[in-house]
Amino acid sequence: MSNLILFWHRRDLRISDNIGLTQASQQNQKVVGIFCLDQNILKRDDIAPARITYMIGCLQHLQKRYQEIGSQLLIISGKPAEAIPKLATFLEAKAVYWNLDVEPYSRERDRQVTENLETVNIQVKTFWDQLLHCPEEIFTSTKKPYSVYTPFWRTWSSKKKSNPVNIPLLKGLTEEQLQQTKKIATIDLPTAKELGFNWENSLILEPGETIALEKLETFCQRAIYSYQEQRNFPSLDGTSQLSPALKFGTIGIRTVWAKTQELIENCSSDEAFDNIETWQKEIAWREFYQYVMYHYPELETGPYRPHWKNFPWENNEAYFQAWCEGKTGYPIVDAAMRQLNETGWMHNRCRMIVASFLTKDLIINWQWGEKYFMQKLIDGDLSANNGGWQWSASSGMDPKPLRIFNPSSQTQKYDPEAEYIREWVSELRSVDTKYLVTGKIPADEREGIGYPAPIVDHKKRQQIFKSLYQEQKN
């Protein structure tokens, strides 16, 4: 089996437009996929049941795709630094290929796997696949990493993007080899429940690359042409909802970008162009947050702005619990948190609203919210989640950091008929719209339906936060 190449899947659970997999197939047709159920990740306390359920579904789909192109996807479990060299040695593989990641844990894990493979004379080849430009490609004129999005966008958008790569044709193991492998190193793909993650609700996006490609097509047929405005209204189906697919790589980022370029080439108005470019800028935000996580790995464990390290958060446990459960007495905040708890997903406008509320109104450490999101989100991604929370908390790379969202004005602007609120906060469905959008529900009516009074006064808390903020700056 010495001509065999193993391709290690991580955040690229697809066959199409997969740079590392295609490169492996060009070296040798005998390529077998592997996925390691990494116990270092699965035993963390910030893993969402919805996310694991989606991932397992994607792996089921990927196994079928491997069969269709003539090979197999093998499942192993354990610590990658031990399990991957063990499998590669047993199969007498000549090389292991994989696509790189930006996260600090992933980089250290990959270093250990590489070291252990090279010790037993197995080649390692790695590629950048989940980004349109690798983090080492983009620097300021003084050769430093960017820390502000807008100049990053200007440089990033000016660079030529690669086209999607072809689907490979592969040869896998013989039936006899497969059976031998099962005895020694591989396991059947478990269910999420068997791994200890119980998710009974539906998923916002069904698993697998076929569904992800269909979702992209559907979005690009209609919603993208009104994206600039409608993306901000949580009651509308105005976003792509591709974030789980991008998190787990069931769709290639070059495929996504190529689709937007195709739309731009065929668009017939400035308005259409503006809408498409706005979505392209969101793709660039995804890349920016991964880029800064790569260049500033300390973001994983603390704030970007040094004076935030000792910020005097109040960290009221009862307030935090009310926020988690969607029982703050602020209808838009409660609707968003209940959407998160019930679906494992939250509209992006609402992510900003609830993050601002937690940090600026409740004066609770953003890292509490960051972790809670990771415990719930189907698309939970360290770089994007950390970037969004630090932006909302004013501890991140925003050049105008002191932003405070007023829940009432946000509701009046983005949920003016309270449709989103009524969808997710069932006890408020009969309440008059004017009360829901202002948040000023009469006490007798509120008590009658069992809805809590606002746990804090936004105006007063805003003043307290601003005062604390100025003290920290000085």
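Is Cys134 buried or exposed, and at what relative accessibility? Select Cys134 in this predicted model to begin the tour: because its relative accessibility is 16%, Cys134 counts as buried.

Next, select Cys267, which counts as partly exposed because its relative accessibility is 21%. With Cys267 still selected, add Cys220, whose sulfur is the closest cysteine sulfur to that of Cys267; the two lie 12 Å apart, which is too far for a bond, since a disulfide requires cysteine sulfur atoms within 2.5 Å. Across the structure as a whole, the number of disulfides is 0.

Now turn from the cysteines to the sheet, an open one in which 5 strands follow the order 3-2-1-4-5 and pair in parallel. To find its edges, select residues 73–78, which form strand 3, and then residues 123–127, which form strand 5, as each of these edge strands pairs on one side only. If you look from one strand to the next, the twist averages 25 degrees.

The next stop is strand 2, residues 31–38, which pairs with strand 3 in the parallel sense over 6 bridges. Within this part of the sheet, select Ile34 and then look across to strand 3, where Leu74 stands opposite Ile34.

Finally, select residues 19–27, which make up helix 1, and show the sheet beside them: helix 1 packs on the sheet and touches strand 1 (5–9), strand 2, strand 4 (95–99) and strand 5. With strand 4 also displayed, compare the two directions, for that of helix 1 makes about 150 degrees with that of strand 4.

Terms used. Residues numbered from 1 in each chain as written. Predicted model: local features only at pLDDT ≥ 70, side-chain atom pairs only at ≥ 80, totals over all residues. Heavy atoms only, no water. Buried < 20%, exposed > 50% of the residue type's maximum accessible area, 1.4 Å probe, protein only. Pairing = 2+ DSSP bridges. Helix = DSSP H or I, 4+ residues; strand = E, 2+ residues; numbered from the N terminus. Axes fitted to C-alpha atoms, helices over the stretch in contact; angles between N-to-C directions. Contact = heavy atoms within 4.5 Å.
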